[in-house]
Amino acid sequence: MHRFSVLTAASTLVLIIAGGLVTSNDAGLAVPDWPLSFGRLMPEMVGGVLYEHGHRMIASGVGLLTIVLAVWLWRSEPRGWVRKLGAAALAAVIVQGLLGGLTVLLQLPVAVSVLHACLAQAFFCLTVAIAFVTSRSWLSAASSRPFRWPRLASAVTAAVYLQLLLGAILRHAGTEAGSKAEQIVMPALAAHLLGALLVTVLVVALAIRLLWSESGAPQRQGILLLGLLFSQLLLGVGAYMARVGALGAAGAPLRVWAATSHVAVGAALLAASLLLVLRMGRQPEWAETVPSRELAEEPS
Amino acid sequence: MRKFGVFLLAVVSVGLWIACGGGAQTEEAAGGTDAPVESAAGKKVDPATAGSVSGKVAYAGEAPAGARLRMGADPVCDKAHSEPVYSQDLIVGDGGGVENAFVWVKAGLDGYTFDPPSGQVQLDQQGCVYVPHVLGVRTGQELQILNSDPTTHNINPTPQNNRDWNESQGPNAPPKVKTCARQEVMIPVKCNVHPWMKSYIGVVEHPYFAVTGSDGAYELKGLPPGQYTVEVWHEKLGPQEQQVTVAASGSATADFNYGG
């Protein structure tokens, strides 16, 4: 089950990247209808249709994986709260699919598009959480509470999520020059820059604590966080340069990938900080509820 | 775990709240309905005293070369051209004339009423480019959209004051006929399947508008005597405007100069 949940989480990250490519290529309306594409299940994959219909296909796959995962958890997972996580993921992926359809049919209203982007990240968090709580390291009592700063890690996660939200507003509100929605771009940009400063301070503070820890795992987590943070900051500069046209015309590969990578690494940073929250918040007594067969099944 | 659940709920709620805050902008941007705009009864133009405004839209200096359009994303588009195709966002003729500039009377016609527009204006999708690149229509006038390509396009106008829409049009599909209810200069039109495809539509309540050809020249005929604000719009060079006075049966000149 753990491997399957990891597959679901990894597929969700791929789906987020595919969604980012849709926005970066301005292909969200390449297929005007939904749930079919030009009235067909499989249209010709050319131009913007490749990104939009490709996104729909990957989303269908992730939806299917989530259904299987939720049913699997419901039938075989002894921990009630983990079963509920599976149900929540299933509900989230259904709502997410409907939002995706709605944003196409309503022609990308900013509110729906931003909601679609934010729920994608929340759903990704759910799949990552499920993958982690079904893993050996969670199930094993020996690894209980190796880290000590759950509040700081929670603050990092919340700040990163808010940054993703502001980034989504920037991406979706500013697609049309001169549009009224573009009026919120500058305030959102200012907030996003301030948010970047806040995230940097919080991540560095957390990473320093992790690096000074005794065991190796927290140190690796600290290095990972710092690596993701600095990659994200560089990609943020790249995404801004792409936005102002310094990386070529709209649709230029460098421009597309700078912005999409910024979304993807943001999701990875969110997942990494969420994993820390889960590690730090884990209670040792929770291991007692885990069936021994789960531990036996999981590879080390 | 309960704390985590509360945390997750909180961040999603914040996301929903902020996202919904952006929605008000979108509804405004979407414009209203397509209900026809009623013009109040007013003066009619007297052909006996009507004059004109003419001029040239020019670019001084060497114009930057247009970017080459890469159509490899759709083999049909790629095969449609034996020669390289370049962006039409700035075309300057040999004499410095700016092509595809939209010139119109922006102000000065208050109180006049005009005969309803007749005939259709055509916008074709040909070789995966819009033909013409810039066009003008009257409010309420029918715009006929054709697809001459053996590939599917989507037509996606993004107006601020008119209703937006997005529809696909396959090969050999019947023409689409649309109207715009409100004056708007300009409405960008794009194809999201082929992102290099862009066109601009100027929607004007009166008949005094023109799109410049390769010589940059324009003429607005049949204007009643009066003082007017004439504006030129260009997608890359931006807008400019001038005040002109048209005497009875007279002609006025308004040249617009960019660059230099």
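I call a crossing left-handed if the near helix is turned anticlockwise from the far one by less than a right angle. With that in hand I turned to this predicted model and looked up how helix 1 of chain A crosses helix 4 of chain A, and I recorded the crossing as left-handed.

I then noted the geometry of this pair: helix 1 (residues 2–24) and helix 4 of chain A pack at an angle of about 160°, with their axes 8 Å apart. Since angles over 145 degrees count as roughly antiparallel, the two helices are therefore roughly antiparallel to each other. For the contacts between them, I listed residues including V6(A), A9(A), L13(A) and I16(A) from helix 1, which meet a set in helix 4 that includes F123(A), F124(A), T127(A) and V128(A).

Next I checked helix 4 of chain A by itself, which covers residues 110–133 and reaches 35 Å from its first C-alpha to its last, close to the 34 Å expected. I found 24 of its 24 residues buried, so helix 4 of chain A is largely enclosed by the rest of the structure.

I followed V128(A) into the largest nonpolar core, which has 145 residues and where V128(A) is listed with A89(A), A129(A), A271(A) and V103(B) as having the most contacts inside it. Helix 4 of chain A gives the most to this core, with 20 residues.

Last, I went to chain B, where I looked up V103(B) and found that its contacts beyond four places in sequence include V57(B), F209(B), Y218(B), L220(B) and V232(B). I also noted that chain B has 2 helices and 19 strands, and that 38% of its 260 residues count as buried.

How values were computed
Residues are numbered from 1 along each chain as its sequence is written. Chains are lettered from A and ligands numbered from 1 in the order in which they are written. This is a predicted model: local features need pLDDT of at least 70, side-chain atom pairs count only at pLDDT 80 or more; totals for chains, interfaces and linings use all residues. Helices (H or I, at least four residues) and strands (E, at least two) are DSSP runs, numbered from the N terminus. The expected span of a helix is 1.5 Å times one less than its number of residues. A residue is buried if 20 or more other C-beta atoms lie within 10 Å of its own, exposed if 12 or fewer, and partly exposed in between; C-beta atoms are placed from the backbone. A nonpolar core is a set of buried Ala, Val, Leu, Ile, Met, Phe, Trp, Tyr and Cys residues joined through C-beta atoms within 7 Å. Two residues are in contact if their C-beta atoms, placed from the backbone, lie within 7 Å. Axes are lines fitted to C-alpha atoms, for helices over the stretch in contact, and angles run from 0 to 180 degrees between N-to-C directions. Angles under 35 degrees count as roughly parallel, over 145 as roughly antiparallel, 65 to 115 as roughly perpendicular and the rest as oblique.
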